[in-house]
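Student: I would like to learn how to read a new structure. Could you walk me through one?

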Amino acid sequence: MSTLCVPSQVPPVSDDCEQLHKAFKGWGTNEGLIISILGHRNAAQRKVIQKTYAETYGEDLLKVLDKELSSDFERIVKLWALDPPERDAQLANEATKRWTKSNQVLVEIACTRSAQDLLHAKQAYHALYKKSLEEDVAYHTTGDFRKLLLPLVSTYRYEGDEVNMTIAKAEAKILHEKICEKAYADDDLIRILATRSKTQINATLNHYKNEFGKDINKDLKADPKDEFLALLRSAIKCLNFPEKYFEKSLRLAINKTGTDEGALTRVVATRAEVDMKTIKECFEKRNTVPLDKAIVKDTTGDYEKMLLTLIGHGDA
């Protein structure tokens, strides 16, 4: 569920654009005004604001934000202002240019989005970068990482609720055999994770646990420092329990010595309109502190205010 608080009576888009234009004028930018407008508009409304702003003032709103804002506040406002497919395309493009940790972002986009959302992100990638996400992933990765990531970003999963228990049992056995053999990049193991519907994978992994007595991700912790295994565990968590994956991402981002603003910004901007309510519940259950209090403790200023607005904090 979304945590975005959109007013029941939204002002005309021309008023929003005029107010935003005013926020950029004068000696200093009115960050509070920007938060009060963009932080309370859904994706469709933000898209219309961008279009109307360009038509009215002859300027690209994203470029104005880039010029007027700075640091972490700039990053979250710009990511939030983007249409979700363009946002995913930008995050994926950034991830292809950096090694290791950024592969988690590719897994996140490939495995937590719906089939249609992933397709739209890949279409936006074509439009923005004049090439495909698949070719960039293939070019910038090697070995087992490429073997896993390329089919994950290339897939278009079936989204129905049907489950074939015969297949679930057979494929749970295959997964267990391959993990016991430490054949973590086996073709069949990757085929199952990259092509089966999320409902089917869920049934397979439930059977795995019932039959072999252990959660699959526990069996994939043979070497905690192995980056490929970490990526495999992330893929499984994203496919099966996205809210738990995002809760852990937020916990690690906030509880580090020094906040990981990149991860905090990305998770809040991409999940506020999707499942942030569930993520917040998971966070409080796991950490015995509400997410908004954790954010207040670790962030400051306009960046903090924008984060709190997007996660649906009452006073923001």
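Student: Which residue follows α8, and what is its phi?

Tutor: Happy to start there, and please keep in mind that this is a predicted model. Lys130 comes after α8, and its phi is positive, near 55°.

Student: How many residues does α8 have, and how far apart are its end C-alpha atoms?

Tutor: A helix can be checked against an expected rise of 1.5 Å a residue. Helix α8 holds 15 residues, from 115 to 129, so a span of 21 Å is expected. The end C-alpha atoms of α8 are 21 Å apart, which agrees.

Student: Which residues of α8 are buried?

Tutor: Here is the general idea: an α-helix has 3.6 residues a turn, so residues three or four places apart point the same way. In α8, the buried residues are Ala115, Leu118, Ala121, Lys122, Ala124 and Tyr125.

Student: What covers the buried residues of α8?

Tutor: The cover includes α6 (84-96), α7 (103-112), α9 (133-140) and α10 (143-154).

Student: Let us look at α7, then. How many of its residues are buried?

Tutor: In α7, 10 of the 10 residues are buried, so this helix is largely enclosed by the rest of the structure. Among them are Val105, Leu106, Val107 and Ile109, and also Asn103, Gln104 and Glu108.

Student: Where is Phe241 found, and is it buried, exposed or partly exposed?

Tutor: Phe241 sits in the loop between α15 (227-240) and α16 (242-255). With a relative accessible area of 31%, Phe241 is partly exposed, because buried means under 20% and exposed means over 50%. You can also use Phe241 to compare sequence with space: Phe241 and Lys297 are 56 residues apart in sequence and 27 Å apart in space, C-alpha to C-alpha.

Student: Now for the whole chain. What does its secondary structure come to?

Tutor: The protein chain has 20 helices and 0 strands.

Student: What radius of gyration does the protein chain have, and what would a compact globule have?

Tutor: For 316 residues, a compact globule would have a radius of gyration near 20 Å; the chain has 21 Å, which agrees. Along the principal axes, its C-alpha atoms fill a box of roughly 65 × 45 × 35 Å. Buried residues make up 48% of the 316 residues.

Student: What about contacts between residues at least 6 apart in sequence?

Tutor: Of those contacts, 69% join residues at least 24 apart.

Student: And how far apart are the mean positions of the positive and negative charges?

Tutor: The chain has 48 positive and 49 negative charges, and their mean positions are 3 Å apart.

Terms used
Residues numbered from 1 in each chain as written. Predicted model: local features only at pLDDT ≥ 70, side-chain atom pairs only at ≥ 80, totals over all residues. Heavy atoms only, no water. Helix = DSSP H or I, 4+ residues; strand = E, 2+ residues; numbered from the N terminus. Expected span 1.5 Å × (residues − 1). Buried < 20%, exposed > 50% of the residue type's maximum accessible area, 1.4 Å probe, protein only. Contact = heavy atoms within 4.5 Å. Rg over C-alpha atoms; globule rule 2.2 N^0.38 Å. Lys, Arg positive; Asp, Glu negative; His and termini not counted. Charge placed at Lys NZ, Arg CZ, Asp CG, Glu CD.
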